[in-house]
Amino acid sequence: MDAELPKGQVGRPAPGWEDAVALTGFILVAVGQASNQVLARGLAGSVPPFSLAFFRWSIIAIGLAPFAIAAIRDGKIPLAQNFWPILAAGFLGMFLCGGPVYIAGITTTAIHIALIFALSPIMVLLISAALGIEHIGPLQWLGTVLALAGALLIVSGGRLETLTQSSAAWGDLLVVCAMLGWSGYTLVQSRVAPHASLLARVSLFSTAGALCSLPPALQEMWTTPAAVFNARAFEAYVFAGLVPGLIAYAGFAWLGARFGSVRTSLVLYVAPIASALLSWIILGEPPKLIHLVGGLLILGGVWASLRK
C-alpha cells in the first residue's frame, strides 16, 4: 500500500524514526524467536516434547488460518498442486524443528541451540550450490569454513572427544538435525505458492507440522497423560504458540513487508544475542568465552557467506 503513496505522504516514518522502528522490530522479533530456545531449556523435558510441538503448531495454524483461507479462496494457493510441497515444508521446518529441539533442551543450552541454528544460511548456501542454484565465491567459502569451525568449537566444547563421550553433544546433534531441517524448509517454502503471503503459507506449513507431530504426541498422551494435561503444560502450549509463534511470525512478516528482506535478515544476527541474554537472565546460564568465540566465528562466517 505504501508503494502507491506519493513521496512525503503520511504512512512512512521519517528516516530517523524508520531506523528506530526497524531496530525495535528486529529486537522484538529476535526475542520472540529466542524465547522458544529458552523455553526448550527451561522446561528440560518436563512437558512431553511432541505434545508441546503439536499444540504449538496447532495454535499457529489456527491463528493464521484467516490468511490461508483468503489465499486459497483467491486462488493464490492451489492445494492440489501444492499438497506434497506443503507437507514437505511442514515436516522439515515444523516437525524437525519442534519435538527434537525440545528434547535437545534436556541436555544442551539455549545458547547452543541459538548458535547452531544461526548456521542455517550456510547450509542453505551449500545446498543451493550442490543443486546448481547458486555459485559460491571465495569470500563465501571463507565464511562457510569460519562458521562451521565456530559450530564445531561450540558443540565440542573445544575438545573433540566430547563429541562421542558427552550426553550434551547428543543434544547438540539433535539441534544440528533440526537446523538442517530448517535449511531444507527455507529452500522449499519459498517455492510453495510464492504469490501468497508469508502468513498464509506459514498457516498451512504449521498445519502440516502439527499433523506430523500428532502420532508421537498421541503416544505421549496415552502413556503420560498427567504430564501432557496439566496447568504448567497448558501455559507452555499457549506461550509457545503465541510468543515464538504468532507474534514472532507476524513481526517477521511485517518487517519484511516494511523494510525488505535484506534488512529483515539482520534478525539472524540479533537472535543469538537475544538468546544468550534471555538464557542468562531467565535460566542463570551466562555465555562462556567459548560461546563468544564460537558465536563470533559463526556470525562472522554467515555475514561473509551472504556477501557476493
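In this predicted model, alanine 193 counts as buried, with a relative accessibility of 6%, and its place is in the loop between helix 10 and helix 11. The backbone of alanine 193 has a positive phi of about 45 degrees, although this residue is not a glycine. A positive phi in a residue other than glycine also occurs at alanine 44, where the value is near 45 degrees. Alanine 44 likewise belongs to a loop, namely the one between helix 1 (15-43) and helix 2 (49-63). With a relative accessible area of 38%, however, alanine 44 is partly exposed, whereas alanine 193 is classed as buried because its 6% falls under the limit of 20%.

The helices on either side of the loop that holds alanine 193 are also joined by a pair of aromatic rings. A pair of aromatic rings is described by the distance of the centres and the angle of the planes. A search of the whole structure finds 7 aromatic pairs. One of them is formed by phenylalanine 54 and phenylalanine 55, which meet edge-to-face at 5.1 Å centre to centre, with 70 degrees between the planes. Phenylalanine 54 is buried, at a relative accessible area of 16%, while phenylalanine 55 is partly exposed, at 22%; the two residues fall into these classes because the limit for a buried residue is set at 20%. Tyrosine 185 and phenylalanine 205 form another edge-to-face pair, in which the centres are 5.6 Å apart and the planes stand at 90 degrees. This pair links distant parts of the chain, since tyrosine 185 belongs to helix 10 (residues 167-189) and phenylalanine 205 to helix 11 (residues 198-223), with their positions 20 residues apart in the numbering. Tyrosine 185 is buried, with a relative accessible area of 4%, and phenylalanine 205 is buried as well, with a value of 0%. Elsewhere, ring pairs join Phe50, Phe91 and Phe95 into a cluster.

Helix 11 also contains serine 203, which is buried, with a relative accessible area of 2%. When residues up to four places away in sequence are not counted, serine 203 touches Ala61, Leu64, Ala65 and Ala68.

Charged side chains were examined next. Side chains of opposite charge can pair when their charged atoms come close. A search of the whole structure finds 1 salt bridge, in which the side chains of arginine 41 and glutamate 285 meet at 2.9 Å, N to O. The partners come from distant parts of the chain, 244 residues apart: arginine 41 is in helix 1, and glutamate 285 is in the loop between helix 14 and helix 15 (289-305). A contact of another kind involves arginine 56, whose charged end sits over the ring of tryptophan 57, 4.4 Å from the centre of that ring.

On the surface, Ile273, Leu277, Trp280, Ile281 and Ile282 make a nonpolar patch of about 570 Å². Tryptophan 280, one of these residues, lies in helix 14 (residues 267-283). With a relative accessible area of 49%, tryptophan 280 is partly exposed; this residue is not classed as exposed because that term is kept for values over 50%.

How values were computed:
Residues are numbered from 1 along each chain as its sequence is written. This is a predicted model: local features need pLDDT of at least 70, side-chain atom pairs count only at pLDDT 80 or more; totals for chains, interfaces and linings use all residues. Side-chain values use heavy atoms; hydrogens and water are left out. Rings of Phe, Tyr and Trp (its six-membered ring) pair if their centres lie within 6.5 Å; planes under 30 degrees apart count as stacked, over 60 as edge-to-face and the rest as tilted. Buried means under 20% relative accessible area, exposed over 50%, partly exposed in between (1.4 Å probe, protein chains only). Helices (H or I, at least four residues) and strands (E, at least two) are DSSP runs, numbered from the N terminus. A charge sits over a ring if NZ of Lys or CZ of Arg is within 6 Å of the ring centre and within 35 degrees of the ring normal. Contact means heavy atoms within 4.5 Å. Patches are made of residues with over 30% relative accessible area and no salt bridge: like charges are joined within 9 Å, nonpolar side chains (Val, Leu, Ile, Met, Phe, Trp, Tyr) within 5 Å. Accessible areas come from the Shrake-Rupley method with a 1.4 Å probe; for residues, only the protein chains shown count as cover. A salt bridge is a side-chain nitrogen of Lys or Arg within 4 Å of a carboxyl oxygen of Asp or Glu.
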